[in-house]
Amino acid sequence: MITPPLDFPGESAPLSARERTVARLAAQGLTDKEIAGQLVIPPRTVSNTPYRIHQKIGATDRRHLRRRLSA
């Protein structure tokens with residue numbers, strides 16, 4: 001089953017499945033290290049992902065990301 005990308009008004013590109021997962025966990029308040037542990041990926045990968053997410057959906061920080069995901 002393929003999950004469709006999240007669409008946000010005015011975004012330039014939809015989020016990938018990994019970006020959606022990281023975005024949801026970050027919006028829940030998890031740290032990069034906690035997200036990496038849950039997804040079994042390097043923390044460095046997690047720390048780079050929010051930057052790409054923020055660029056795609058226009059969120060400026062995790063708090064803004066949380067508001068965008070709940071809208």
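1. A starting point for the helix packing below: angles of 65 to 115 degrees between helix axes count as roughly perpendicular. Please keep in mind that this is a predicted model.

2. With that in hand, have a look at α1 and helix α4 (residues 62–70), which pack at an angle of about 110 degrees. That value lies in the range of 65 to 115 degrees, so α1 and α4 are roughly perpendicular to each other. Their axes are 9 Å apart. On the α1 side, A23, R24, A26 and A27 make the contact, and α4 brings R62, L65, R66 and L69. By character, the residues of this contact split into five nonpolar and three charged, with no polar ones.

3. The largest nonpolar core is worth a visit too. It has 14 residues, of which V22, I35, V46, I53, I57 and L65 touch the most other members. Two or more residues come from each of α1, α2 (32–39) and α3 (43–57), and α1 gives the most, namely four. V22 is a nice residue to centre the view on: beyond its neighbours within four places in sequence, V22 contacts I35, L39, V46, T49, P50 and I53.

4. Finally, a charged residue you may enjoy: is E19, in helix α1 (residues 17–27), buried or exposed? Its relative accessibility is 4%, so E19 counts as buried. The E19 side chain makes a polar contact with the side chain of R52, at 3.4 Å. Setting aside neighbours within four places in sequence, the residues in contact with E19 are P14, T49, R52, I53 and K56.

Notes: Residues numbered from 1 in each chain as written. Predicted model: local features only at pLDDT ≥ 70, side-chain atom pairs only at ≥ 80, totals over all residues. Heavy atoms only, no water. Buried < 20%, exposed > 50% of the residue type's maximum accessible area, 1.4 Å probe, protein only. Polar contact = N/O pair within 3.5 Å; in protein donor to acceptor, adjacent residues only side chain to side chain. Contact = heavy atoms within 4.5 Å. Core = buried A, V, L, I, M, F, W, Y, C linked by side-chain atoms within 4.5 Å. Axes fitted to C-alpha atoms, helices over the stretch in contact; angles between N-to-C directions. Parallel < 35°, antiparallel > 145°, perpendicular 65-115°, else oblique. Nonpolar A, V, L, I, M, F, W, Y, C, P; charged D, E, K, R; others polar.
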